[in-house]
Amino acid sequence: MPTERTFQYTHVEAGLVENVVVRRTEDTETYPSGWKYTLHLGTLEDLTLVRYDNAHEDTKGHEHHTAAGDVDDVAFPGMEERLIEFWTSADEYWDAVDGGPDRPY
């Protein structure tokens with residue numbers, strides 16, 4: 001699966017871990033959006049607080065996971081908008097622990 005333009009980072013602080021991986025892909029059969037991504041914020045004890053991914057985009061669509069539950073086939077507004085949506089949600093948790101990574105927006 002050829003890929004280009006990878007954006008990736010991991011930030012760990014105050015018991016939280018944020019992992020972001022975004023890749024543009026030419027595998028539009030598996031990833032019709034043209035993107036393969038995982039945007040995850042959780043605890044070091046493996047509790048997912050907020051995660052967006054499209055690991056099964058061809059069968060389940062884009063997914064949104066939270067500590068309260070999961071939603072499959074959520075609307076995909078575009079990669080930039082999805083990142084901003086994730087960062088906005090994640091910032092609420094980071095603000096609660098007075099930490100977090102600097103955002104590029």
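## Exercises around strand β4

In this structure, 4 bridges join β4 to strand β5 (residues 62-66), and the two strands run antiparallel. The model is a predicted one, so please read each value below as computed from that prediction.

### Exercise 1: the neighbours of β4

Work out which strand pairs with β4 over 5 bridges, and in which sense.

Solution.
- Step 1. Locate β4 itself: the strand covers residues 48-53.
- Step 2. Look at the pairing: strand β3 (residues 35-43) and β4 are antiparallel partners, with 5 bridges between them.
- Step 3. Check one rung of this ladder: H40 has R51 in β4 as its bridge partner.
- Step 4. Follow the chain from β3 to β4: the two strands make a hairpin with 4 residues between them. In that turn, D46 has a positive phi of about 70 degrees.
- Step 5. Turn to the β5 pairing from the opening: the bridge partner of D53 there is E63.

Now for burial: how many of the 6 residues of β4 are buried? The count is 5, which leaves the strand mostly covered.

### Exercise 2: the nonpolar core

Find the residues with the most contacts inside the largest nonpolar core, and the elements that build this core.

Solution.
- Step 1. Start with the membership: the core has 17 residues. V20, V22, L39, L41 and F86 are the ones with the most contacts inside it.
- Step 2. Assign the elements: β2 (16-25), β3, β4 and α2 (79-96) each give two or more residues to this core.
- Step 3. Rank the contributions: α2 gives the most, with 6 residues.
- Step 4. Take L41 as an example and set aside its neighbours within four places in sequence. Its contacts then include L16 and V17, T48, L49 and V50, and also F86, A90, Y93 and W94.

As background, nonpolar side chains tend to be buried together in soluble globular proteins.

### Exercise 3: R51 and its surroundings

Decide whether R51 is buried or partly exposed, and list what R51 touches.

Solution.
- Step 1. Place the residue: R51 belongs to strand β4.
- Step 2. Apply the cut-off: buried means under 20% relative accessible area. R51 counts as partly exposed because its relative accessibility is 22%.
- Step 3. List the contacts beyond four places in sequence: R51 touches T38, L39 and H40, and also E63, H64 and H65.
- Step 4. Add a longer view along the chain: V71 is 20 residues from R51, and their C-alpha atoms are 10 Å apart.

### Exercise 4: the salt bridges

Find the 3 salt bridges of the structure and describe the burial of each partner.

Solution. Keep one cut-off in mind: a side-chain nitrogen of Lys or Arg must lie within 4 Å of a carboxyl oxygen of Asp or Glu.
- Step 1. In β4, the side chains of D53 and R51 meet at 3.1 Å, N to O. D53 is buried, with a relative accessible area of 5%, whereas R51 is partly exposed at 22%.
- Step 2. E63 pairs with K60, their closest N and O atoms being 3.5 Å apart. E63 counts as buried because its relative accessible area is 3%, while K60 is partly exposed at 35%.
- Step 3. R82 and E85 have their closest N and O atoms 3.0 Å apart. Both residues lie in helix α2, 3 residues apart, which is about one turn of the helix. R82 is buried at 2%, and E85 is partly exposed at 33%.

E63 deserves a second look. It sits in strand β5, and its side chain makes a polar contact of 3.4 Å with that of H65. Beyond four places in sequence, E63 touches several residues, among them R51, Y52, D53 and V71.

### Exercise 5: a buried charge without a salt bridge

Explore E57: which side chain of opposite charge is nearest to E57, and how many ångströms away?

Solution.
- Step 1. Place the residue: E57 is in helix α1 (residues 57-60).
- Step 2. Search for a partner: the nearest side chain of opposite charge is R24, 9.0 Å away. E57 is buried and has no salt bridge.
- Step 3. Look for polar contacts instead: the E57 side chain reaches the backbone nitrogen of S33 at 2.9 Å. A polar contact of 3.3 Å links the side chains of E57 and H62.
- Step 4. Complete the surroundings: leaving aside neighbours within four places in sequence, E57 is in contact with T30, Y31, P32, S33, W35 and H62.

Definitions and conventions. Residues are numbered from 1 along each chain as its sequence is written. This is a predicted model: local features need pLDDT of at least 70, side-chain atom pairs count only at pLDDT 80 or more; totals for chains, interfaces and linings use all residues. Side-chain values use heavy atoms; hydrogens and water are left out. Buried means under 20% relative accessible area, exposed over 50%, partly exposed in between (1.4 Å probe, protein chains only). Two strands pair if DSSP finds at least two bridges between them. A nonpolar core is a set of buried Ala, Val, Leu, Ile, Met, Phe, Trp, Tyr and Cys residues joined through side-chain atoms within 4.5 Å. Contact means heavy atoms within 4.5 Å. Lys and Arg count as positive and Asp and Glu as negative; His and the chain ends are not counted. A polar contact is a pair of N or O atoms within 3.5 Å; within protein, one must be able to donate a hydrogen and the other to accept it, and residues adjacent in sequence count only if both atoms are side-chain atoms.
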